[in-house]
Amino acid sequence: MTTLRPFTCNDLFKYNKVNMDPLTETYGISFYMQYLAHWPEYFQVVEAPNGEIMGYIMGKCEGHGENWHGHVTALTVSNMYRRLGVAATLMNSLEKISEIKRCYFVDLFVRVSNLVAITMYQVLGYIVYRTVLEYYSGDPDEDAYDMRKALSRDKKKKSIIPLDHPVRPEEVD
């Protein structure tokens with residue numbers, strides 16, 4: 001049986017297999033520690049019965065007023081555990097936490113070339129809110145989709161009305 005649990009400092013020694021995917025951003029230790037310190041409830045891991053990390057999600061809540069939202073900073077699942085619902089489990093957890101925090105929506109950024117992830121997010125109810133041009137610093141030719149899902153606090157679904165024009169990274173609030 002798999003376990004959804006909070007990410008711990010010790011998991012930093014066990015997550016390398018998960019981060020081997022070329023579409024997964026790997027950050028410095030201090031970045032992960034910052035998320036653990038500031039938004040521990042948004043940093044979750046799914047663990048296999050043998051103790052292996054199947055996948056993890058890290059996020060935060062941010063913004064002001066009707067822009068108060070949950071944000072997915074990273075979501076990744078190990079190759080051998082894909083297509084088993086691990087990512088959906090992690091996303092559902094982050095959405096529930098964002099509901100408790102009274103967020104209006106959840107957002108995330110995904111490479112426009114990552115069709116598998118985009119399709120998964122759409123199945124989970126996310127829409128493409130806008131395109132962010134040249135979002136990825138390591139690959140200036142790669143744009144990102146800012147995808148969003150309205151939560152129950154956004155009764156009129158204003159947070160997911162798509163923009164009709166792309167934006168640059170410095171225009172993202």
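In this predicted model, a search of the whole structure returns zero disulfides. C9 takes part in none, and the nearest cysteine sulfur to that of C9 belongs to C61, at 19 Å. C103 is likewise in no disulfide. Here the nearest cysteine sulfur is again that of C61, now at 5.4 Å; a disulfide would require a pair of cysteine sulfur atoms within 2.5 Å. The solvent exposure of the two residues was also computed. C9 is partly exposed, its relative accessible area being 41%, whereas C103 is buried, at 0% relative accessibility.

Helix α2 spans residues 86–100 and contains 15 residues. The distance from its first C-alpha to its last is 22 Å, close to the 21 Å expected at 1.5 Å a residue. Buried positions in α2 are V86, A87, L90, M91, S93, L94, E95, I97 and S98. An α-helix has 3.6 residues a turn, so residues three or four places apart point the same way. Within the buried set, V86 and L90, as well as L90 and L94, can be read against that periodicity.

Backbone torsions were examined next. Most residues other than glycine have a negative phi. R102, which comes just after α2, has a phi near 65°, a positive value in a residue other than glycine. This residue belongs to the loop between α2 and β5, and with a relative accessible area of 49% R102 is classed as partly exposed. E134 also has a positive phi, near 50°, and is a residue other than glycine. The loop that holds E134 runs between β6 (127–132) and β7 (144–150). E134 counts as partly exposed, at 40% relative accessibility.

The largest pocket encloses about 1000 Å³ of space. Its lining comprises 35 residues, of which L23, L75, N114, A117 and Y121 are the closest to the pocket centre. Four elements each supply at least two residues of this lining: β4 (69–77), α2 (86–100), β5 (105–111) and α3 (115–123). The largest share, seven residues, comes from β4. By residue class, the lining of the largest pocket divides into 21 nonpolar, eight polar and six charged residues. One of the residues closest to the pocket centre, N114, was also compared in position with G51. The C-alpha atoms of G51 and N114 are separated by 29 Å, and the two residues are 63 residues apart along the chain. G51 is located in the loop between β2 and β3 (53–62) and is partly exposed, with a relative accessible area of 23%.

On the other side of that loop from β3 is strand β2, which covers residues 44–47 and includes E47. E47 is buried, because its relative accessibility of 16% falls under the 20% limit for that class. The side chain of E47 makes a polar contact with the side chain of R5, at 2.9 Å.

Definitions and conventions:
Residues are numbered from 1 along each chain as its sequence is written. This is a predicted model: local features need pLDDT of at least 70, side-chain atom pairs count only at pLDDT 80 or more; totals for chains, interfaces and linings use all residues. Side-chain values use heavy atoms; hydrogens and water are left out. On a 1 Å grid over the protein atoms alone, a cavity is a set of points where a 1.4 Å probe fits but cannot get out, and a pocket is an open set with protein on both sides within 12 Å along at least five of seven lines; lining residues have an atom within 4 Å of a point. Grid points are joined across faces, edges and corners, and a volume is the space filled by probe spheres set on the points. Ala, Val, Leu, Ile, Met, Phe, Trp, Tyr, Cys and Pro count as nonpolar, Asp, Glu, Lys and Arg as charged, and the others, Gly among them, as polar. The expected span of a helix is 1.5 Å times one less than its number of residues. Buried means under 20% relative accessible area, exposed over 50%, partly exposed in between (1.4 Å probe, protein chains only). A polar contact is a pair of N or O atoms within 3.5 Å; within protein, one must be able to donate a hydrogen and the other to accept it, and residues adjacent in sequence count only if both atoms are side-chain atoms.
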